[in-house]
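Visitor: Hello! Could you walk me through this structure, one question at a time?

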Amino acid sequence: MSELRNYEVTFIAEPNFDDERVNSLVGKYSEFIEKNGGEVQKVERMGKKRLAYPVEKRQYGYYIYTEVKLPGEGVAPLKRWFALSEDVFRHLTVRMTDRDVKLKALTQDHFRKEMDRRNAATRPGAREGNGREGGRPERGED
Amino acid sequence: MAYQRKRICRFCEAGVKYVDYRDEKRLSRFLTERGKIIPRRVSGTCAKHQRMLSTAIKRSRILALLPFVSDNPA
């Protein structure tokens, strides 16, 4: 078994998917990753978003972002899996080097602190360094 | 056009080490209304960050978060 690498895999499913269908899709996806010797580390449903341009006549898409560990040979089958899938019409796999992972975490951490500092400054008496996990939902958060 | 002093890179200023392709709101500030990437001679971005930025924008376009071209000035 070759070395596991970090990948960020984002895919866009049909916009009319309800929670149930999304769950089932994510389930099938996780199963596929595991079958190929990888593991899913994080799944983030970005939800239904408007596409910047129409894709096969669609205006909207349901975005799902995942972080996985996968051996390099697993990527080609994954792409094929997406291509054959009726539920997913767009996908992007990005290889994250260890350096990328580190820099991304650093940057996010930096912004979280920055936000906290700014909040503390604008709202005196507001919470002080009780390290709210996740921070604010708007900008700056990944 | 009025002469503008060379500004420092906004990413350096903000302490950004990695430009995320999913953050389309932030990235869209570096596109013209037609959807072209703004050159660094205009935006003042440093070479390192412009490189990261352009990769991020291109990835973002694949995910239809940003346009390749846009007719309607946003």
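Visitor: In what pattern do the elements of chain B run from the N terminus on?
Guide: A word first: this is a predicted model. Chain B has 4 helices and 0 strands. Read from the N terminus, its elements therefore run α-α-α-α.

Visitor: And which pattern does chain A follow along the sequence?
Guide: Chain A mixes both kinds of element, with 3 helices and 4 strands. Read along the sequence, the pattern is β-α-β-β-α-β-α.

Visitor: What share of the residues is buried in chain A?
Guide: A residue counts as buried when its relative accessible area is under 20%. In chain B, 45% of the 74 residues pass that test. For chain A, with its 142 residues, the share is 38%.

Visitor: Which residues have the most contacts inside the largest nonpolar core?
Guide: In soluble globular proteins, nonpolar side chains tend to be buried together. Here the largest nonpolar core has 29 residues. Strands 2, 3 and 4 and helix 3 of chain A each give two or more residues to this core, as does helix 4 of chain B. The residues with the most contacts inside the core are A:Tyr63 and B:Tyr21.

Visitor: Which residues of chain A does B:Tyr21 touch?
Guide: Leave aside residues up to four places away in sequence. Within chain B, the partners of B:Tyr21 include B:Leu27, B:Ala56 and B:Leu63. In chain A, B:Tyr21 touches A:Glu8, A:Thr10, A:Tyr65, A:Leu92 and A:Val94.

Visitor: How far apart are the end C-alpha atoms of helix 4 of chain B?
Guide: Helix 4 of chain B has 16 residues, and at 1.5 Å a residue they should span 22 Å. The model agrees with that expectation, as the end C-alpha atoms are apart by 23 Å.

Visitor: Where around helix 4 of chain B do its buried residues lie?
Guide: The buried residues are B:His49, B:Gln50, B:Leu53, B:Ser54, B:Ala56, B:Ile57, B:Ser60 and B:Arg61. An α-helix has 3.6 residues a turn, so residues three or four places apart point the same way. The buried residues of this helix cover an arc of only 165° around the axis, so they lie on the same side of helix 4 of chain B.

Visitor: Which elements do those buried residues pack against?
Guide: Some of the partners are in chain B itself: helix 1, helix 2 and helix 3. The buried residues of helix 4 of chain B also pack against an element from the other chain, strand 2 of chain A.

Visitor: What area is buried between chain B and chain A?
Guide: The size of an interface is often given as the accessible area lost when the parts come together. The contact takes 21 residues from chain B and 27 residues from chain A. Carbon and sulfur atoms give 58% of the buried area, and the total is about 2,200 Å².

Visitor: Which residues in chain B lose the most area to chain A?
Guide: Three residues together make up 33% of what the chain B side buries. They are B:Tyr18, B:Arg22 and B:Leu63.

Visitor: How many salt bridges are there between chain B and chain A?
Guide: Side chains of opposite charge can pair when their charged atoms come close. One pair is A:Lys49 with B:Glu24, whose closest N and O atoms are 3.2 Å apart. A:Lys49 lies in strand 2 of chain A and B:Glu24 in helix 2 of chain B, so this pair joins two chains. Between chain B and chain A, the count of salt bridges is 3.

Visitor: How many residues apart in the chain are A:Glu14 and A:Arg58?
Guide: The side chains of A:Glu14 and A:Arg58 meet in a salt bridge, at 2.8 Å from N to O, and both residues are buried. A:Glu14 is in the loop between strand 1 and helix 1 of chain A, while A:Arg58 is in strand 3. The pair links distant parts of the chain, with a separation in residues of 44.

Visitor: Is A:Lys28 buried or partly exposed?
Guide: A:Lys28 forms a salt bridge with A:Asp87, at 3.7 Å from N to O. A:Asp87 has a relative accessible area of 14%, so A:Asp87 is buried. The relative accessible area of A:Lys28 is 40%, which means that A:Lys28 is partly exposed.

Methods. Residues are numbered from 1 along each chain as its sequence is written. Chains are lettered from A and ligands numbered from 1 in the order in which they are written. This is a predicted model: local features need pLDDT of at least 70, side-chain atom pairs count only at pLDDT 80 or more; totals for chains, interfaces and linings use all residues. Side-chain values use heavy atoms; hydrogens and water are left out. A nonpolar core is a set of buried Ala, Val, Leu, Ile, Met, Phe, Trp, Tyr and Cys residues joined through side-chain atoms within 4.5 Å. Buried means under 20% relative accessible area, exposed over 50%, partly exposed in between (1.4 Å probe, protein chains only). Contact means heavy atoms within 4.5 Å. The expected span of a helix is 1.5 Å times one less than its number of residues. The arc is that of the directions from the helix axis to the C-beta atoms. Buried area is the accessible area (1.4 Å probe) that two parts lose on being put together, summed over both. A salt bridge is a side-chain nitrogen of Lys or Arg within 4 Å of a carboxyl oxygen of Asp or Glu.
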